[in-house]
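The following report walks through the strands, the loops and the core of one protein chain. Please keep the sequence and the structure in view while reading.

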Amino acid sequence: MVIRHGRSGEFLGCSRFPKCRGTRSMPTGVKCPKDGGDIAIRRSKKRGKAFYGCSNYPACDFVIWDKPVAEVCPECGYVGAEMKSNKTRGEYRRCIKCANEWDAPEMQPEAVAV
Ligand SMILES: [Zn+2]
Ligand SMILES: [Zn+2]
């Protein structure tokens, strides 16, 4: 999935567009671990780099730099993790509340349309 820009703002679209028209709306349903606000995508004016911050900004300054996913932390049970990856480990997750890290779940093969 890649981030695309449409009339209604940013959304996630399949990278094989237009062959595949699968899309997903932007907010991932992840809540701020500090005050329960919605984590929304933002873009820094200087470099144009996207990041994710609490919707209660500036009252709450919680930000993360990697895309959040609504996955449950096996350590503290919080729903919300950063999608991280590196060469040695591959894809993994980090809890946005307790910073516990775990391996990403195996990707489910997509249903094949006949
Ligand atoms: Zn917050
Ligand atoms: Zn956790």
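M83 has R93 in strand 9 as its bridge partner, a pairing that belongs to this predicted model and sits within the antiparallel match of strand 8, residues 79-86, with strand 9, residues 90-95, which are joined by 6 bridges. Strand 8 and strand 9 make a hairpin in which 3 residues lie between the two strands. Strand 9 is also paired with strand 10, residues 101-103, again in the antiparallel sense, and here 3 bridges are found. Within that second pairing, Y92 is matched with D103 of strand 10, and the hairpin formed by strand 9 and strand 10 has 5 residues between its strands.

The pairings for which a bridge count is available are set out below.

| Strands | Sense | Bridges |
|---|---|---|
| strand 8 and strand 9 | antiparallel | 6 bridges |
| strand 9 and strand 10 | antiparallel | 3 bridges |
| strand 4 and strand 5 | antiparallel | 5 bridges |

What is the phi of A99, in the turn between strand 9 and strand 10? Its phi is positive, about 70°, although A99 is not a glycine. A99 is exposed, because 11 other C-beta atoms lie within 10 Å, and a residue counts as exposed if that number is 12 or fewer.

Elsewhere in the chain, strands 4, 5 and 6 form an open sheet in the order 4-5-6, with antiparallel pairing. Strand 4 (39-43) and strand 6 (63-64) are the edges of this sheet, and each has a single partner strand, so one side of each is left without a neighbour in the sheet. Strand 4 pairs with strand 5, residues 50-54, over 5 bridges, and in this pairing I39 stands opposite C54 of strand 5. The loop that leads from strand 5 to strand 6 contains P58, and the peptide bond that joins Y57 and P58 is cis, with an omega of about 5°.

I39 also links this part of the sheet to other parts of the chain: when residues up to four places away in sequence are set aside, I39 touches V30, K31, C32, Y52, C54 and P68. I39 is likewise one of the 10 residues of the largest nonpolar core, which is made up of V30, C32, I39, Y52, C54, I64, C73, A81, C95 and I96.

A further loop, between strand 6 and strand 7 (68-72), holds D66. Is D66 exposed or partly exposed? D66 is partly exposed, because 15 other C-beta atoms lie within 10 Å, whereas 20 or more would be needed for a residue to count as buried. Beyond its neighbours within four places in sequence, D66 is in contact with E82, M83 and K84, and M83 is the residue whose bridge partner in strand 9 is R93. The C-alpha atoms of D66 and A81 are separated by 9.1 Å, with the two residues 15 residues apart along the chain, and A81 is itself among the members of the largest nonpolar core.

Taken as a whole, the protein has 0 helices and 10 strands. Of its 114 residues, 15% are buried. Among the contacts with a separation of 6 or more, 20% are between residues 24 or more positions apart.

Notes:
Residues numbered from 1 in each chain as written. Chains lettered and ligands numbered in written order. Predicted model: local features only at pLDDT ≥ 70, side-chain atom pairs only at ≥ 80, totals over all residues. Core = buried A, V, L, I, M, F, W, Y, C linked by C-beta atoms within 7 Å. Contact = placed C-beta atoms within 7 Å. Helix = DSSP H or I, 4+ residues; strand = E, 2+ residues; numbered from the N terminus. Pairing = 2+ DSSP bridges.
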